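Visitor: I am new here and would like to learn how the labels for this structure are earned. Could you show it to me and take my questions?

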Amino acid sequence: MTDLLRQLRAEMTSLLDCFSAPAVLLCADYSVLAANQAYRRVFGDGKPLQGRRCYEIMEDAGYACRQGGNHCPLDACQSSGTGQHVVHSNTSGNAQIDLYPIRNDSAKVVYFLELLTLAPQLTALPAPAMVGNSPAWRDVARLIRRAAPSDAAVLLLGESGTGKELAAAAVHQASHCRNGPFVAVDCSGLSETLFESELFGHEKGAFTGAHSRKTGLVEAADGGTLFLDEVGDIPLSLQVKLLRLLETGHFRRVGGVEPIRSQFRLVSATHRPLEKMVAEERFRQDLYYRLNTFPIMLPALRERLEDVPLLAEVILQRLPVARGLHLHADTLELLRRYNYPGNIRELRNILERAALLADDVWILPEHLPTNLQYLSVQESGPASSLTGRQPIPGVGEIIPLADLEAQYLRWARGNYGGDRRGLAQRLGVSERTLYRKLDALRSNTGHAVES
Ligand SMILES: Nc1ncnc2c1ncn2[C@@H]1O[C@H](COP(=O)(O)OP(=O)(O)OP(=O)(O)O)[C@@H](O)[C@H]1O
């Protein structure tokens, strides 16, 4: 390496370090001239990055342009001489790439500055494992294991929030396409006009605003899994286009003439009654049969309430806001009694909210939504399995304040799951004040308040 090149690299690296996102300077042959700290942290494998091709480095990270069916911004920049902005999708998520030409004093493009914005999933773990232990859940897990290694199109059915998307990811991860991309398409969010260009991509100039060629999601799924979520929401007029793709394996970009082949494992999901929709001619029968080779019905959470403790524990561990928090036994008891119209998503939301409300390490019943707390008042009689939890005394009647305080203190001491220090904090008094008040109660009533 010449001294001049060494000096240039050092200066360029220092310049790139001004960016907090991964940034790299590339040569026309795709080799890395200099990379900043963030780029080295995300893509580094201990070996020097300089001189290696960007797509080889990115390939290890799982989203090489060529492998993922994405188009190469450097090629496009070389031919157009203008900056390129593309999103590359793959199994691990999306990377937005902004690539700018760097010119020499004769205005010739000599280097390319590439800035990467990584979608959160890119740095996250693979899809979280699904958990459960109930008979209903074990049936689902068995079907997923059966279907995954085959090529059969899997149709996941079940209410919203039952875990269909997670099940689709589990099929992908246990299939022979696991090293390819997992591309999820939310069919309910696609308007008729967007449907074709999102799914099939478009050529430059295909319509007003199509400034560059765009790779569609179907092409991005080549070699992996295409997950059509909410497939029951696709309007009839578009169902025929999807059917054609599934029948032939070919499609054309909008504005393109060349048929393009994409080979993918098909998994779809819906909460809609597809069979009924077929009978009512709202969903094409031929498409239904094409999607429904291997149906799997995800049970509603109320049909597997015995899984709630395990699910709650796992979901809590996965919630950053819930780090270090525990579910009090009374809270768990209430969670087990609820019937979850919103299924696991609702359980997750309940836990996230409760975690934000918790003051110390315990998630208590009072941190749950009132309709769940109400379960305790309604259903906890003397035979309640709740550990001595009683409604707050004095509420609903007018009694002397001193009596109310005494009753409330007894209630709080008997129902609070933590230690005295925590209780004092919750009551907004010092520990000494709490001791004094509890002592006064003891001497006034002649029996211990201690639980
Ligand atoms: N078995 C499971 N173990 C742990 N977490 C789960 C499980 N099933 C679902 N979840 C969690 O529940 C939430 C909802 O799951 P998911 O989005 O897969 O449901 P869905 O059926 O696809 O919902 P929709 O039909 O509304 O799209 C997610 O946060 C997911 O991580």
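Guide: Gladly, and burial is a good place to start: a residue is buried if 20 or more other C-beta atoms lie within 10 Å of its own, exposed if 12 or fewer, and partly exposed in between, with C-beta atoms placed from the backbone. Of the 451 residues of the protein chain, 32% count as buried. This is a predicted model, where local features need pLDDT of at least 70, side-chain atom pairs count only at pLDDT 80 or more, and totals for chains, interfaces and linings use all residues. Residues are numbered from 1 along each chain as its sequence is written.

Visitor: What makes Ser237 exposed?

Guide: Ser237 has 9 other C-beta atoms within 10 Å, and the cut-off for exposed is 12 or fewer, so the label fits. Ser237 sits in helix α10. Its C-alpha atom is 8.4 Å from that of Glu192, a residue 45 positions away along the chain.

Visitor: Why does Tyr30 count as partly exposed?

Guide: Tyr30 has 17 C-beta neighbours inside 10 Å, so it gets that name. You will find Tyr30 in the loop between β1 (23-27) and β2 (32-35). Tyr30 also has a phi near 75 degrees, a positive value in a residue other than glycine. Most residues other than glycine have a negative phi.

Visitor: Is Glu230 buried or exposed, and how do you know?

Guide: Glu230 counts as buried because it has 20 C-beta neighbours inside 10 Å, and 20 or more is what the term asks for. Glu230 lies in the loop between β10 and α10 (236-248), and its phi, near 55 degrees, is positive too.

Visitor: How do you decide what is a helix and what is a strand?

Guide: Helices (H or I, at least four residues) and strands (E, at least two) are DSSP runs, numbered from the N terminus. On that basis the protein chain has 19 helices and 16 strands.

Visitor: Which strands make up the open sheet, and in what order?

Guide: The open sheet has 5 strands in the order β7-β10-β13-β6-β14, with parallel pairing. β7 (182-186) and β14 (294-297) are its edges: each has a single partner strand, so one side of each is left without a neighbour in the sheet. From one strand to the next, the twist averages 20 degrees.

Visitor: What makes β7 and β10 a pair?

Guide: Two strands pair if DSSP finds at least two bridges between them. β7 and β10 (residues 225-229) are joined by 5 bridges and run parallel, so the condition is met. Among the partners, Val185 is matched with Leu228 and Asp186 with Asp229. On to β13: β10 pairs with β13 in the parallel sense over 4 bridges, and Phe227 has Val267 as its bridge partner there.

Visitor: Why is β10 called largely enclosed?

Guide: 5 of the 5 residues of β10 are buried, so the rest of the structure largely encloses it. Thr225, Phe227 and Asp229 lie on one side and Leu226 and Leu228 on the other, and both faces are covered. In a regular strand the side chains alternate between the two faces of the sheet.

Visitor: And what makes α7 largely enclosed?

Guide: 7 of the 10 residues of α7 are buried, so the description applies to α7. Among the buried ones are Lys164, Ala167 and His172. The buried residues of α7 pack against α6, β6, β7, β10, β13 and β14, where two residues are in contact if their C-beta atoms, placed from the backbone, lie within 7 Å.

Visitor: Which residues are closest to the ligand?

Guide: The closest are Met130, Ser160, Gly163, Lys164 and Glu165, and 20 residues surround the ligand. A residue is near a molecule if its C-beta atom, placed from the backbone, lies within 6 Å of it. α7 (164-173), α13 (308-318) and α15 (343-357) each supply at least two residues of this shell.

Visitor: How do you know that the ligand lies between two domains?

Guide: Domain 2 (135-299) and domain 3 (301-391) both give residues to the shell around the ligand, so the ligand lies between them. The domain bounds come from an automatic or database domain assignment.

Conventions: Axes are lines fitted to C-alpha atoms, for helices over the stretch in contact, and angles run from 0 to 180 degrees between N-to-C directions.
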